[in-house]
Amino acid sequence: MANETAQPSGKGGAKSKALKAAFPYTIPIMTGFLFLGFTYGVQMNVNGFSFVYPMLMSMTIFAGSMEFVAVGLLLQKFDPINAFFLTMIINARHLFYGISMLDKYRHTGLKKYYLIFGLCDESFSINYTAQIPADVDDGWFMFFVTLLNQLYWVTGSTLGGILGSLFPFNTDGLDFVMTAMFVVIFLNQWMQEKNHVSSILGLVLPTICLVIFKADHFIIPSMIALLVALTLLRKPLEKKEAAI
Amino acid sequence: MTIPQQIITVAMIVLGTMLTRFLPFLVFRSDKPTPKYIQYLGKVLPAAVFGLLVIYCLKNVSIFSGSHGLPELIAILVVIGLHLWRKQMLLSIAGGTICYMMLVQLVFK
C-alpha cells in the first residue's frame with residue numbers, strides 16, 4: 001500500500017496520481033449526478049426557492065433521495081422531529097456502508113471524516129469495488145472519488161436551481177445511467193466473488209419486500225431481512241470462505 | 001415556514017443523514033478490534049447491498065401497467081451483454097443508458 005509519508009519526494013504527486021486514477025471511475029456518476037442534481041435544483045426552483053437552497057443543501061446533506069424528499073418537507077408545516085426520523089429511515093442503508101467500510105477507511109487520517117461525511121450510494125460502490133493500482137494511495141483515491149461525486153452533485157443542483165425548467169433537449173430516460181451503473185457494479189462483484197449467496201439474497205429479498213411493502217416502505221424491511229438471512233447463514237458462509 | 005424554521009429543518013436532515021453515516025465508525029472505533037460478527041457482516045453485506053441498490057433503482061417500475069418494465073428489462077440485458085463482452089464499465093453504462101433513452105423516447109411512448 002502506498003503511504004504518503006514514506007514518499008517525501010511526491011506528496012503532491014501522490015495526490016495528482018490518485019486524482020487521475022479516480023476520475024475515470026466517476027465519469028458515469030458525473031453524468032448521473034449532473035442530471036439528477038439538475039432535476040432536484042429545478043424542483044426547488046419551481047417551488048419558489050432560490051438556487052442558494054439546493055446549493056447549500058447539496059453541500060451539507062449530500063444524499064440525493066433525501067434532498068428530493070426535503071423539497072416536500074420544506075413546503076409542509078414546520079415539524080423538525082418528523083424531518084429527523086424520516087431522514088434516519090430513508091438513509092438507514094448508510095449504516096451498512098459504514099460497517100463495510102470500517103476497514104478500508106481505517107488508515108486514512110483526517111480524510112476519514114470527509115470520506116464518512118460523503119459516504120453516498122455511489123461513493124460507497126466505487127470505493128468498495130475499485131481495483132486501486134498498487135502505486136496509488138488508497139486514501140487519496142477514495143477521497144477524490146468522494147469529492148468529485150459531491151462536486152458533480154452540487155454543480156448539477158446549483159445549475160438546476162438557477163436555470164429552472166429551461167432545459168433545451170429531451171432527457172427522458174437519462175436517469176437510467178444510475179441503474180446501469182449499479183447493474184455493472186453488481187456484475188463486477190459477481191465476477192469477483194467465490195460464492196453468490198449474498199448477491200442472490202441481495203436481489204431476491206428486496207424484491208419480495210418490494211412486492212409486500214411497496215416502493216416507499218421496502219428498504220428497512222429489506223435491510224432487516226438481509227441481516228437476518230446473513231446472520232443465519234454465517235456458519236456455512238464462513239466455512240465456505242475458509243475451505244477455499 | 002420562516003427562514004429560521006427552514007434552517008432548523010435542513011439542520012435536522014443533515015443531522016439525521018450524518019448519524020446514519022458516522023454511527024458505525026463511532027460504535028466500532030478503530031483503536032479497538034472490531035467484533036468478529038461485524039467483520040463478517042462487513043464482508044458479506046456489500047454484495048447484498050449492490051443487489052438491493054439495483055432493486056432500489058427499479059422500485060417504481062410497474063410490471064402490470066404502462067410499458068410493463070420492458071424498456072428496463074431490455075436495457076439491463078444490453079448492459080449485461082456489453083459488460084460480459086467487453087468488461088468496459090463506461091461502455092456498458094453508456095450503451096445501456098442510450099438504449100434505454102431511445103426505448104422510452106421512440107418506442108414505448
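**Exercise 1.** How closely do the axes of helix α2 (residues 52-60) of chain A and helix α1 (residues 3-27) of chain B come to each other, and at what angle do they cross? Work with the predicted model, and describe the orientation, handedness and residues of the packing.

*Solution.* Two packed helices are described by the angle between their axes and the distance between the axes. For this pair the axes come within 10 Å and cross at roughly 25°. Since angles under 35 degrees count as roughly parallel, α2(A) is roughly parallel to α1(B). The handedness of the crossing of α2(A) and α1(B) is right-handed. On the chain A side the contact involves Tyr53(A), Met57(A) and Thr60(A), which meet Ile3(B), Gln6(B), Val10(B), Val14(B) and Met18(B) of α1(B). Sorted by class, the residues of this contact are 6 nonpolar, 2 polar and no charged.

**Exercise 2.** Which residues of helix α9 (residues 176-192) of chain A and helix α2 (residues 36-57) of chain B make the contact between them? Establish the geometry before listing the residues.

*Solution.* The axes of α9(A) and α2(B) come within 9 Å and cross at roughly 155°. Because angles over 145 degrees count as roughly antiparallel, α9(A) is roughly antiparallel to α2(B), and the crossing of the two helices is left-handed. From α9(A) the contact draws on Met178(A), Thr179(A), Phe182(A), Val183(A), Ile185(A), Phe186(A) and Gln189(A), while α2(B) contributes Ala47(B), Phe50(B), Gly51(B), Leu53(B), Val54(B) and Cys57(B). The class count for the contact of α9(A) with α2(B) is 10 nonpolar, 3 polar and no charged residues.

**Exercise 3.** At what angle does α9(A) pack with helix α3 (residues 70-86) of chain B? Characterise the contact as in the preceding exercise.

*Solution.* The two helices pack at about 45°, and their axes are 10 Å apart, which makes α9(A) oblique to α3(B). In handedness, α9(A) passes α3(B) in a right-handed crossing. The residues of α9(A) that take part are Phe176(A), Ala180(A), Val183(A), Val184(A), Leu187(A), Asn188(A) and Met191(A), and they meet Glu72(B), Ala75(B), Ile76(B), Val79(B), Ile80(B), His83(B) and Leu84(B) in α3(B). By class, this contact has 11 nonpolar, 2 polar and 1 charged residues.

**Exercise 4.** How many residues does the contact take from chain B and from chain A, and how many salt bridges does the rule find across the interface?

*Solution.* The contact takes 67 residues from chain B and 90 residues from chain A. Together the two chains bury about 7000 Å², of which 79% is on carbon and sulfur atoms. Of the area that chain B buries against chain A, 11% is supplied by Arg21(B), Phe25(B) and Phe50(B), more than by any other three residues. Across this interface the rule finds 0 salt bridges, whereas a search of the whole structure finds 3 over all chains.

**Exercise 5.** Which residue forms a salt bridge with Lys17(A), and how many residues apart in sequence are the parts that the pair ties together?

*Solution.* The partner of Lys17(A) is Asp135(A), with the closest N and O atoms 3.1 Å apart. Lys17(A) lies in helix α1 (residues 11-46) of chain A and Asp135(A) in the loop between α7 (121-129) and α8 (138-163) of chain A, so the salt bridge ties together parts that are 118 residues apart in sequence.

Note on methods: Residues numbered from 1 in each chain as written. Chains lettered and ligands numbered in written order. Predicted model: local features only at pLDDT ≥ 70, side-chain atom pairs only at ≥ 80, totals over all residues. Heavy atoms only, no water. Axes fitted to C-alpha atoms, helices over the stretch in contact; angles between N-to-C directions. Helix = DSSP H or I, 4+ residues; strand = E, 2+ residues; numbered from the N terminus. Parallel < 35°, antiparallel > 145°, perpendicular 65-115°, else oblique. Left-handed = near helix turned anticlockwise from the far one by under 90°. Contact = heavy atoms within 4.5 Å. Nonpolar A, V, L, I, M, F, W, Y, C, P; charged D, E, K, R; others polar. Buried area = accessible area lost by both parts, 1.4 Å probe. Salt bridge = Lys/Arg side-chain N within 4 Å of Asp/Glu carboxyl O.
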